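Here's a quick walk through the fold for you. Pull up the structure and follow along from the outside in.

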Amino acid sequence: MSTEVLAASATDVQQASASAPAQSNTAEKVNLLGMSRPQMEKFFEDLGEKKFRAGQVMKWIHQFFVTDFAEMTNISGKLREKLEKICEIKAPEVVHKNYSKDGTRKWVFRVGDGEGSLVETVLIPAEDKTGSRKTLCISSQVGCALDCSFCSTGKQGFQRDLTQAEIIGQLWMANYSYMEDVPVIERERSVTNVVMMGMGEPLLNYDAVLNAMRIMLDDFAYGMSKRRVTLSTSGVVPKIDQLAQDIDVALAISLHATNNELRDELVPINKKYPLEQLIAACQRYIGKGGNESARKHVTIEYVMLDGVNDHPEHAQQMIKLLKNLPSKINLIPFNPFPHAPYGRSSRNRIISFQKTLSDAGFVCTIRQTRGDDIDAACGQLVGQVADRTRRAEQWKKKVAAQNEIIRSQG
Ligand code: SAH
Ligand code: SF4
């Protein structure tokens with residue numbers, strides 16, 4: 001299966017560039033794709049236009065996937081012309097896409113100017129008793145500064161924050177991928193759930209992530225239910241409190257260890273915000289949610305590392321740690337990557353860990369590893385991307401060194 005998908009990739013790249021919105025030479029134009037409604041309303045008011053135009057344009061962009069102002073038929077010709085001159089609607093460039101037979105889809109985007117950097121987005125379909133879901137795993141940064149020892153993104157180091165347009169552009173493109181051949185008026189959104197669980201720590205790119213999530217919830221854009229938008233963090237405590245003030249979305253915590261000693265090693269931000277502070281912040285987050293809130297519980301993510309955090313005593317510690325926190329636990333089989341210092345816990349280990357937690361009354365699921373065949377599994381997002389980025393970096397260094405030699409030789 002993987003060979004077949006990979007073999008298709010060269011054509012995919014060409015198709016991708018043909019179907020993506022024009023990558024024109026318009027750097028000075030304002031990209032409307034990433035604007036939240038208040039931001040776009042202000043933009044229109046500053047142009048001397050009525051602010052309700054913002055809602056109209058947002059619908060065209062995010063509900064009908066239109067990138068050409070000429071197609072926005074409820075907007076006067078004069079305004080369309082004006083917009084064409086100064087604005088654009090531009091999603092990040094797709095350099096590679098892979099559609100697996102199990103329905104998993106993966107895109108590699110180029111972000112930034114010139115050679116730029118690469119980030120990945122993965123869509124995972126699922127059927128359950130609530131119907132069929134399409135969950136999109138969105139990246140928020142290129143690389144990550146937090147350096148968790150089991151995470152390939154962390155190993156890449158931090159490169160840069162994604163912009164609002166680059167974050168929401170991932171959702172735009174995933175939806176658009178189902179709509180490319182559908183007439184504009186029949187287009188509808190396909191992605192049902194978003195998890196901010198791709199590359200990067202979303203709470204360290206706070207404003208851009210917040211505004212992008214506002215666009216996800218906005219009825220003039222994606223109109224997603226707040227329970228279906230989940231932000232995952234490794235535990236930037238002050239930002240969890242700020243999030244509680246700013247927006248109502250579901251929260252997931254990358255726990256991965258049940259005592260400070262081990263967590264300091266696996267998730268180094270624990271040295272700054274240890275477990276007691278993290279759990280208290282989660283309790284405050286839940287406390288802020290009203291009845292209609294997305295915050296009835298937090299999701300606890302726990303990657304199962306063979307012989308490291310998967311002993312029965314760790315399950316017992318988890319029961320104590322979470323006893324006053326409404327939570328659902330998701331056990332994630334570790335996804336190995338080259339030079340990873342860990343292995344995946346055995347199936348039996350994971351099942352007995354789950355049983356201990358279930359017997360103690362917790363809802364505890366084991367994450368299915370899907371999309372392994374296209375490197376789309378959690379924690380593998382970096383894979384070939386990192387390789388290419390490294391190669392690009394090496395190339396840049398080589399060119400800089402050569403320039404230096406040329407300069408020094410006069
Ligand atoms: N920075 C955020 C969101 C991105 S990581 C966070 O840490 O929560 C998304 C999830 O993938 C986290 O739970 C993370 O711990 C997990 N993850 C990272 N590397 C992994 C790997 N190699 N195998 C399995 N899960 C991994
Ligand atoms: Fe960053 Fe999350 Fe990876 Fe930790 S697990 S290095 S916080 S992306």
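## Surface and burial

About 18,700 Å² of the protein is exposed, and carbon and sulfur atoms supply 50% of that area. Keep in mind that this is a predicted model. Of the protein's 410 residues, 51% count as buried.

## Overall makeup

On the secondary structure side, you get 14 helices and 14 strands. How far apart in sequence are the contacting residues? Take the contacts between residues at least 6 apart in sequence: 66% of them join residues at least 24 apart.

## The ten-stranded sheet

There's an open sheet of 10 strands here, with mixed pairing. Reading across it, the order goes E3-E4-E5-E6-E9-E10-E11-E12-E13-E14. The edges are taken by strand E3 (93–99) and strand E14 (363–366); each has a single partner strand, so one side of each is left without a neighbour in the sheet. On average, neighbouring strands of this sheet are turned by 20° against each other, direction ignored.

## Zooming in on E11 and E12

Which way do these two strands pair, parallel or antiparallel? Strand E11 (residues 250–254) and strand E12 (residues 298–304) go parallel, over 3 bridges. If you want a spot to click on, Ala 252 has Thr 299 in E12 as its bridge partner.

## A helix across the sheet

E12 also has helix company: helix H13 (residues 347–359) lies across E12, strand E13 (327–333) and E14. Relative to E14, which is one of the edge strands, helix H13 runs at about 165°.

Note on methods: Residues numbered from 1 in each chain as written. Chains lettered and ligands numbered in written order. Predicted model: local features only at pLDDT ≥ 70, side-chain atom pairs only at ≥ 80, totals over all residues. Heavy atoms only, no water. Helix = DSSP H or I, 4+ residues; strand = E, 2+ residues; numbered from the N terminus. Buried < 20%, exposed > 50% of the residue type's maximum accessible area, 1.4 Å probe, protein only. Contact = heavy atoms within 4.5 Å. Areas by Shrake-Rupley, 256 points an atom, 1.4 Å probe, with all protein chains shown as cover. Pairing = 2+ DSSP bridges. Axes fitted to C-alpha atoms, helices over the stretch in contact; angles between N-to-C directions.
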